[in-house]
Amino acid sequence: MMAHATIYVGFTVPRLLRSASRTFPTHSASVVLRHSAFCYCTVNGTIKSKRKMDHLERTANNFRHEVISQAKVCGITNESETVKRLRLAVANRGFTFKAGQWVDFFIPGVSVVGGFSVCSSPGLLKREGELELAVKHTDHPPAHWIHTKCTLDSEVALRVGADLHGYQEGKGNEYKMGTVKLYYSAKNTSELLFKKNILGLMNAFPGKITCRFHVTRQSSQICKELQPHVTEGRISQKDLEKHASKDTLWYICGPPPMIESISKLLSNIGAPRNCVFFEKWW
């Protein structure tokens, strides 16, 4: 399998961390993904949506495990001013997921079903029977409940959604480790979730994984550890041009205006449409 350069552009990075924390070489190989797994999130043009669809509508055509498992909140951490990290103890010992999957999130008394990407590795679930979600505060009922009403020991239910890991291991599958470049944009450094984890991955895989943190409204001084990796201002076309090649795959994560903007920049630099992917979560 040929090595590929992979560029992640976005406001959130859980998938990179999930995949890398599982086994980084497998993640490098997974840039050649089953396109069927991405049928709902492949971008081949500008997003146009007249009505805001809920999570179950958006993902109606995606595979789901039939089993709904009970879970209890066993940890709540303020990852930033707007994001909470939720740790859940899953009652069903047969519950499993792969790096890149999300869960349907059922809340007693809330009719709307949430859809959140898992931000912890499958290893944590295997070792401790727990998984983690990172949820940004919005007015969407499930996210609003997590930020305003969720407490330790709150009981919820989970169902595993689409498998976005996509790499099918088999006999004779050999690959050369590729490279990953992450462009990560946020209002300020306090909103750069998992930044310490990312710095750790950069140190663990020198030359194979690199990151530029972009901040758009930084008012306080940037800490010494982050300074070499921070750029003030939005992600630009010039930034993306540095890494464009026929083998580059681009993954975008963020709200629709940001996805539209980055998609246009990629079109300007000649990135093939079938090499650009994003998730429609909003």
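Strands are DSSP runs of E with at least two residues, numbered from the N terminus, and two of them pair if DSSP finds at least two bridges between them. The exercises below apply this to a predicted model.

**Exercise 1. Determine how β4 and β5 are joined, and describe the turn between them.**

Solution. Begin with the limits of the strands: β4 covers residues 102-107 and β5 covers residues 110-117. Next, count the bridges, of which there are five, with the two strands running antiparallel; this satisfies the criterion of at least two bridges. One residue pair can then be picked out, since valine 103 has phenylalanine 116 in β5 as its bridge partner. Finally, examine the connection: β4 and β5 form a hairpin with two residues between them, and glycine 109 in the turn has a positive phi of about 85°.

**Exercise 2. Place this hairpin in its sheet, and state which helix packs on that sheet.**

Solution. The open sheet is formed by six strands in the order β5-β4-β7-β2-β3-β6, with antiparallel pairing. Its edge strands are β5 and β6, each of which pairs on one side only. From one strand to the next, the twist averages 40°. Within the sheet, β2 and β7 run antiparallel and are joined by four bridges, and glutamine 70 has alanine 157 in β7 as its bridge partner. The helix that packs on the sheet is α4, which touches β3, β4, β5, β6 and β7, and its direction makes about 85° with that of β5.

**Exercise 3. Identify the residues that touch the most other members of the largest nonpolar core, and follow the contacts of phenylalanine 95.**

Solution. This core has 23 residues, and those touching the most other members are Leu86, Leu88, Phe95, Phe105, Leu131, Leu133 and Leu158. The elements giving two or more residues to the core are β2 (69-78), β3 (83-90), β4, β6 (130-136), α4 (141-148) and β7 (155-160). Leaving aside residues up to four places away in sequence, phenylalanine 95 touches Ser69, Val90, Val103, Leu125, Leu131, Leu158 and Val160. Another core lies apart from the largest one and has 17 residues, among them Val83, Ile198, Leu199 and Ile222.

**Exercise 4. Establish where the pLDDT falls below 50.**

Solution. Start from the chain as a whole, which averages a pLDDT of 77, with 72% of the residues scoring at least 70. The pLDDT is below 50 over residues 12-50, a stretch that nevertheless has 106 contacts in the model beyond near neighbours in sequence. It is also below 50 over residues 163-173, where 29 such contacts are found.

How values were computed
Residues numbered from 1 in each chain as written. Predicted model: local features only at pLDDT ≥ 70, side-chain atom pairs only at ≥ 80, totals over all residues. Heavy atoms only, no water. pLDDT = per-residue confidence, 0-100. Contact = heavy atoms within 4.5 Å. Core = buried A, V, L, I, M, F, W, Y, C linked by side-chain atoms within 4.5 Å. Buried < 20%, exposed > 50% of the residue type's maximum accessible area, 1.4 Å probe, protein only. Axes fitted to C-alpha atoms, helices over the stretch in contact; angles between N-to-C directions.
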